[in-house]
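Please look through the following protein model with some care, keeping the sequence and the three-dimensional view side by side. The report after it is meant for a reader who is new to such pictures.

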Amino acid sequence: MPIVWANNTFTLVNQTGVMATNASISQSNSLIPAYNIGKYWTVNQIPSDPIKSTFSLSYYPNVGKEPNYDILNTIRGLTDDVLYSGTRIVIAGVTGFNCYLRSYELQSAPNNLVKANVSYESFTPLSGQVSNRAFASTSDWGDLTVMSSSGDWEDLTVMSSSGDWGNIEDPVLENFDKIPHGWTTYISSSGNRLIAPTYDFNYKFTADWQPTYLIGQKFPTQVNFMAGTEEMSFVRDSFTHIQFSGEEVTGSFITGDWLIELFNYQLISTWANSGALIFDVSGAKIIDTKLVVDLNNFVRTATSIRRHY
Amino acid sequence: MYSTFKNTQILLNNTGILCTDLGISVDASIDPLLYAQDRAALSYNATNGIGGSINLTYFLSGKDHLKDYVSNERNAISGNFGGLYFTSGYLTSYNLNCSPNNPIIANAEIKFFDALSGTYVKTYVRSTGTKILNYCDALLIDPSRDGAGGGIGNISGISNIQFSFNSDISPLYLAGDQMPAEIRFGEKNLMAIITTDIYSGDLPITGKSAGVKVNFTHPELAGIVENFFVSGILFKRELDTSIGNLLQTKLYIKQSFAEDIPSISSLSNASAYPKETITINGTNLLNTMFVHFA
């Protein structure tokens with residue numbers, strides 16, 4: 001098998017290309033050594049838990065087409081979670097089915113592009129093999145919904161006709177002006193932006209997925225979304241005192257209804273709002289604060305807020 | 001010098017088992033001999049015979065010969081632990097916790113009423129690559145007559161089963177003897193606690209007929225290598241959940257008859273008169289307690 005270089009491969013989340021700078025799949029079983037009394041060396045190595053796969057991506061989010069953000073919003077709005085069966089992720093030709101968003105993280109810092117880290121978990125077998133992308137133009141990326149069997153995903157090089165792949169955008173050909181930037185990240189309240197100077201902003205969502213296994217089955221019969229935690233931290237220049245019982249973020253920390261808006265980079269030049277990643281923080285409570293003084297720097301405070309699903 | 005777990009070979013009925021935990025306890029029942037107005041005793045009296053118990057936890061790698069004593073508990077078990085041995089043990093409890101994707105591990109207690117004889121001998125034996133059964137290869141069987149799970153409702157959502165067997169045995173000592181003249185076998189029962197996703201309060205005052213069977217297989221071994229089942233009465237339901245956990249129903253099934261089902265193949269005389277001898281041929285008749293003629 002020839003070597004496959006990163007620039008010849010692809011990363012897809014829910015049939016949408018992602019501008020990944022790093023992507024990885026980690027799959028492991030849970031073998032434990034089986035010792036028995038009266039013998040030296042192990043009898044065998046035996047499974048004690050199911051197989052689990054973790055997909056990790058670091059990428060530049062695109063405000064116009066950010067599949068992970070859409071999935072995040074789907075999960076935050078889940079009611080009957082049993083009906084949710086996860087998403088499909090392809091990294092360099094290896095496909096994970098029924099992948100569940102474990103964490104979603106965004107970092108926005110002054111004068112820097114916003115970067116995102118995301119991880120997914122899958123409890124079912126992976127499919128496919130490391131392969132080159134075999135498509136020269138975006139028209140070769142068809143409609144993946146017509147691909148009914150997992151075998152269609154295994155070797156993308158066999159996909160010769162563009163009809164097999166629908167309208168998937170090639171992330172490499174996307175314009176970078178759709179990436180949110182530190183310049184275009186705002187904390188807004190009732191539509192008023194720049195209401196408080198904020199230097200760094202971090203967002204992290206973590207989800208607790210619980211697979212249920214039955215006797216006689218290696219793979220889960222259902223996966224439930226048990227809980228989610230959303231945590232945001234802001235680096236600012238004013239100190240926030242922590243309250244014993246917590247304090248609503250919309251109280252004294254800042255007034256009004258809060259939104260964090262990460263606009264695309266294009267906004268800086270055209271001031272045209274052509275999309276944004278928006279995070280509502282209503283109901284979050286302040287959980288910790290930290291004041292840092294360094295030589296040759298201004299006094300900064302880092303305040304974290306959290307809310308739970 | 002201490003030995004380690006590697007140096008103690010375990011044999012039950014001269015057959016090795018893949019034991020992971022072992023505990024042996026031998027007790028002499030001794031009471032202080034107190035005289036009236038005395039608070040202290042200078043001598044002690046034996047109040048019972050010597051007895052002991054063994055607790056074993058072990059992997060199942062095929063047929064579990066100890067499980068046979070669930071139905072034939074009157075047969076004695078011999079054991080040898082690194083040279084220390086007993087000859088008259090009886091199975092008093094046997095447990096399986098069927099948990100998905102976990103190795104099949106049994107836990108058993110054997111009581112014995114003779115001394116632990118012999119001398120400990122350190123051994124050096126290397127493990128072989130024995131295949132260990134796993135619950136991911138188990139098959140749940142619905143033994144109900146309605147084919148729809150019977151009192152359980154539906155066996156397709158079972159995520160855990162705890163099987164337990166308990167047998168009440170007591171030794172009978174004759175005056176002057178240190179060893180029991182015989183072993184009396186009392187009540188024995190089987191119980192299964194089944195965790196499932198059937199949410200119901202259906203439980204009549206008479207209970208409900210229910211049962212479940214688990215066949216153990218291994219992908220590299222042919223056929224069903226072992227099984228365990230309970231078929232009795234559903235007598236308790238529990239519905240519980242807690243933060244971060246599933247809503248689960250626990251069904252309690254007990255079975256007070258734990259013998260291999262007897263069957264009659266032939267009678268020597270089907271129309272005999274009183275006091276005439278009749279020979280009954282069949283299987284599993286050794287533990288017969290009474291016979292009805294009609």
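The text below goes through chain B, the interface, the salt bridges, the aromatic rings and the cysteines in turn.

This is a predicted model, in which local features need pLDDT of at least 70 and side-chain atom pairs count only at pLDDT 80 or more, while totals for chains, interfaces and linings use all residues. Residues are numbered from 1 along each chain as its sequence is written, chains are lettered from A and ligands numbered from 1 in the order in which they are written, and side-chain values use heavy atoms, with hydrogens and water left out.

**Chain B and one of its residues**

Chain B has 17 strands and 0 helices, where helices (H or I, at least four residues) and strands (E, at least two) are DSSP runs numbered from the N terminus. Along the principal axes, the C-alpha atoms of chain B fill a box of roughly 65 × 65 × 50 Å. Of its 294 residues, 37% count as buried; buried means under 20% relative accessible area, exposed over 50%, and partly exposed in between, with a 1.4 Å probe and protein chains only. Among the contacts in chain B with a separation of 6 or more, 65% come from residues 24 or more positions apart, a contact being heavy atoms within 4.5 Å.

B:N97 can serve as an example, and this residue lies in strand β8 (residues 84-98) of chain B. At 42% relative accessibility, B:N97 counts as partly exposed. If its neighbours within four places in sequence are left aside, B:N97 is in contact with B:I105, B:Y135, B:N160, B:I161 and B:Q162. B:K131 is 34 residues from B:N97 along the chain, and the C-alpha atoms of the two are separated by 19 Å.

**The interface**

Where the chains meet, 42 residues of chain B are in contact with 27 residues of chain A. The area buried between them is about 2,900 Å², of which carbon and sulfur atoms give 62%; buried area here is the accessible area (1.4 Å probe) that two parts lose on being put together, summed over both. The count between chain B and chain A is 1 salt bridge, a term for a side-chain nitrogen of Lys or Arg within 4 Å of a carboxyl oxygen of Asp or Glu. This salt bridge is formed by B:D137 with A:K218.

**Salt bridges**

Over all chains the count comes to 14 salt bridges, and the table shows some of them.

| Pair | Closest N to O |
|---|---|
| A:R76 and A:E230 | 2.4 Å |
| A:R102 and A:E121 | 2.4 Å |
| B:K188 and B:E73 | 2.6 Å |
| B:D137 and A:K218 | 3.2 Å |

For the salt bridge of A:R76 and A:E230, A:R76 lies in helix α1 of chain A and A:E230 in strand β13 (residues 222-236) of chain A, so the pair ties together parts that are 154 residues apart in sequence. A:R76 is buried at 16%, and A:E230 is buried at 0%.

In the salt bridge of B:K188 with B:E73, B:K188 lies in strand β12 (residues 182-196) of chain B and B:E73 in the loop between β6 (51-59) and β7 (77-81) of chain B, so the pair ties together parts that are 115 residues apart in sequence. B:K188 counts as buried at 6% relative accessibility, and B:E73 counts as buried at 3%.

**Aromatic rings**

The structure holds 20 aromatic pairs over all chains; rings of Phe, Tyr and Trp (its six-membered ring) pair if their centres lie within 6.5 Å, and planes under 30 degrees apart count as stacked, over 60 as edge-to-face and the rest as tilted. One of the pairs, A:Y84 and A:Y100, is edge-to-face, with 6.0 Å centre to centre and 70° between the planes. A:Y84 counts as buried at 13% relative accessibility, as does A:Y100 at 6%. Ring pairs link A:Y84, A:Y100, A:F123, A:W209 and A:F225 into a cluster.

**Cysteines**

How many disulfides are there over all chains? The count comes to 0, a disulfide being a pair of cysteine sulfur atoms within 2.5 Å. The sulfur of B:C19 is 19 Å from the closest cysteine sulfur, in B:C98, which is too far for a bond. B:C98 is in no disulfide either, and the nearest cysteine sulfur, that of B:C136, is 13 Å away. B:C19 is buried with a relative accessible area of 0%, and B:C98 is buried with a relative accessible area of 0%.
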